[in-house]
Amino acid sequence: MNFKNIPGHTSQIKEWTSLVNADRIPHAWLLLGPNGSATLPMAIALANYIQCEKKEGDSCGVCRSCIKSSKWIHPDIHFTYPVVKKDNLKREDTISKHFSNQWRSFLTERPFDGIKSWINYISSTTTFANINTAECNDISHKLGMQSFEGKYKIQIIWMAEYLAKDSNRLLKLIEEPTDNTIIILIAENQNKLLPTIISRCQTFRVPKFSDQEIGSYLDTLSLDASINKEEIKHLAFGDIEKARKLSENTQTKYADMLLDWMRISWKSHPQGIFDFVNKLAQNSKEEIKMFFEYGLHFLREYLVYLYTKDTFKMRLSDREKNTALQMVKTINVEKAQALSLLFEESLGLIDRNINVKILFSENSFQLERIMKSK
Ligand SMILES: [Zn+2]
């Protein structure tokens, strides 16, 4: 991940590379940007640039250091990210390095994805993730050592809001850094960080992508000719993770699933429901969670329409809008809210490992009851 792999952001890249070239690198950076923005890729490109041996506006991509960075194995670039409990380890002993293989494949496959996607990537059963005390101790330990190769040791801390209470432990490191140490904190929500941390960092805002930049990103993917890039740009609204999902057609798949499910539940035919539930249950847990998240998104946009009667305000594709308009006769505001609640509860139950077939069978009856209620 080098700067050239990130669409746009020319002014930030120019500013940051100038700081490096002039040897005026802040020792503590705070990169702020929303989900689906380039905060993490920009941090990685910056770290790679600092370490590159033949840099010129961007990392060279071929030096010893760049080869290691490109494989996510540079010994002087460390990553910290929220994790969940792992297998036989105690929760308080589980730290980022226990997930380093998954982290590398996540960065390779979905470099622009956000925290929800990461948690789904490493866990199908729990949503509780954090950066714990053991991890903070590990950071101090790593940064206390000599750098292995280059001049600098770089520590990237992704989603610093997950540091919670333990972030105090990092203050000293940020305040009195060991020689040639650079800490790059990444966060979405400044209000969830300790003010003392913010005040010790130099803050850089990473804006969300423009429609044009999303377009350039889509051009780099080998997409089916039937994919409507203009529509994706409009729906993604600067969120590159969303653009990826839309381009993979998952959104359309979930939209069809939702519509089928509602039709079948409405008909209330036991065999039909049974067959459909069996088909749904073949999806992975991550997909089922994404399906319910999609359902919630759809209902939110549907409610926007019910309140405003303005189809333009719905951030849905034309096909989804048609579905929404067909629902108006049967699903009013109260019913849409009841469905949202049902989907939210289902997400919670999936996290608690409920049997998916039982969940969908039970929900099919609830769906019918809500849709047919007066
Ligand atoms: Zn290089």
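This is a guided tour of a predicted model, with suggestions for what to select at each stop.

**The whole chain**

Begin with the entire chain in cartoon view, where you can follow 17 helices and five strands. The radius of gyration is 23 Å, close to the 21 Å that the globule rule gives for 374 residues, so the chain is as compact as a globular protein of that length. If you draw a box along the principal axes, the C-alpha atoms fill roughly 70 × 45 × 35 Å. Buried residues make up 36% of the chain, and among contacts with a separation of 6 or more, 75% join residues that are 24 or more positions apart.

Next, colour the chain by its division into domain 1 (3–208), domain 2 (212–242) and domain 3 (250–372). The C-alpha centres of domain 2 and domain 3 are 25 Å apart.

**The largest nonpolar core**

Now select Leu 31, Ala 43, Leu 46, Ala 47, Ile 184, Leu 185 and Ile 186, which touch the most other members of the largest nonpolar core, a group of 54 residues. Several elements each supply at least two residues of this core, including strand S1 (28–32), helix H2 (39–51), strand S2 (77–80), strand S3 (153–157) and strand S4 (181–187). Which helix gives the largest share of this core? The answer is H2, with nine residues.

Stay with Ala 47 and show what surrounds it: beyond its neighbours within four places in sequence, Ala 47 is in contact with Ile 77, Ile 154, Ile 156 and Ile 184. Apart from this core lies another one, of 27 residues, and you can find it by selecting Val 277, Phe 298, Tyr 302 and Met 314, which are among its members. In soluble globular proteins, nonpolar side chains tend to be buried together.

**Two serines in loops**

Select Ser 96, which sits in the loop between S2 and helix H4 (100–109). Is Ser 96 buried or exposed? Ser 96 is buried, because 21 other C-beta atoms lie within 10 Å and the cut-off for a buried residue is 20 or more. Leaving aside neighbours within four places in sequence, its contacts are Phe 79, Thr 80, Tyr 81, Val 83 and Glu 135.

Move on to Ser 123, in the loop between H5 and H6, which counts as buried with 20 C-beta neighbours inside 10 Å. Measure from its C-alpha atom to that of Val 84, and you should find a separation of 7.4 Å, although these two residues are 39 residues apart along the chain.

**Two residues with positive phi**

Go now to His 9, in the segment before helix H1 (10–21), where phi is near 60 degrees, a positive value in a residue other than glycine. His 9 counts as buried, with 21 C-beta neighbours inside 10 Å.

Then select Ser 268, in the loop between helix H12 (250–267) and helix H13 (270–280). Ser 268 is not a glycine either, yet it has a positive phi of about 60 degrees; with 15 C-beta neighbours inside 10 Å, Ser 268 counts as partly exposed.

**A pair of helices**

Finish with helix H16 (residues 333–351) and helix H17 (residues 356–372), whose axes come within 10 Å and cross at roughly 170 degrees. H16 and H17 are therefore roughly antiparallel to each other. To see where they meet, show the side chains of Lys 335, Ala 338, Leu 339, Leu 342, Ser 346 and Leu 349 in H16, together with Leu 359, Asn 363, Gln 366, Ile 370 and Met 371 in H17.

Conventions. Residues are numbered from 1 along each chain as its sequence is written. This is a predicted model: local features need pLDDT of at least 70, side-chain atom pairs count only at pLDDT 80 or more; totals for chains, interfaces and linings use all residues. A nonpolar core is a set of buried Ala, Val, Leu, Ile, Met, Phe, Trp, Tyr and Cys residues joined through C-beta atoms within 7 Å. A residue is buried if 20 or more other C-beta atoms lie within 10 Å of its own, exposed if 12 or fewer, and partly exposed in between; C-beta atoms are placed from the backbone. Helices (H or I, at least four residues) and strands (E, at least two) are DSSP runs, numbered from the N terminus. Two residues are in contact if their C-beta atoms, placed from the backbone, lie within 7 Å. The radius of gyration is taken over C-alpha atoms; the globule rule is 2.2 Å times the number of residues to the power 0.38. Domain bounds come from an automatic or database domain assignment. Axes are lines fitted to C-alpha atoms, for helices over the stretch in contact, and angles run from 0 to 180 degrees between N-to-C directions. Angles under 35 degrees count as roughly parallel, over 145 as roughly antiparallel, 65 to 115 as roughly perpendicular and the rest as oblique.
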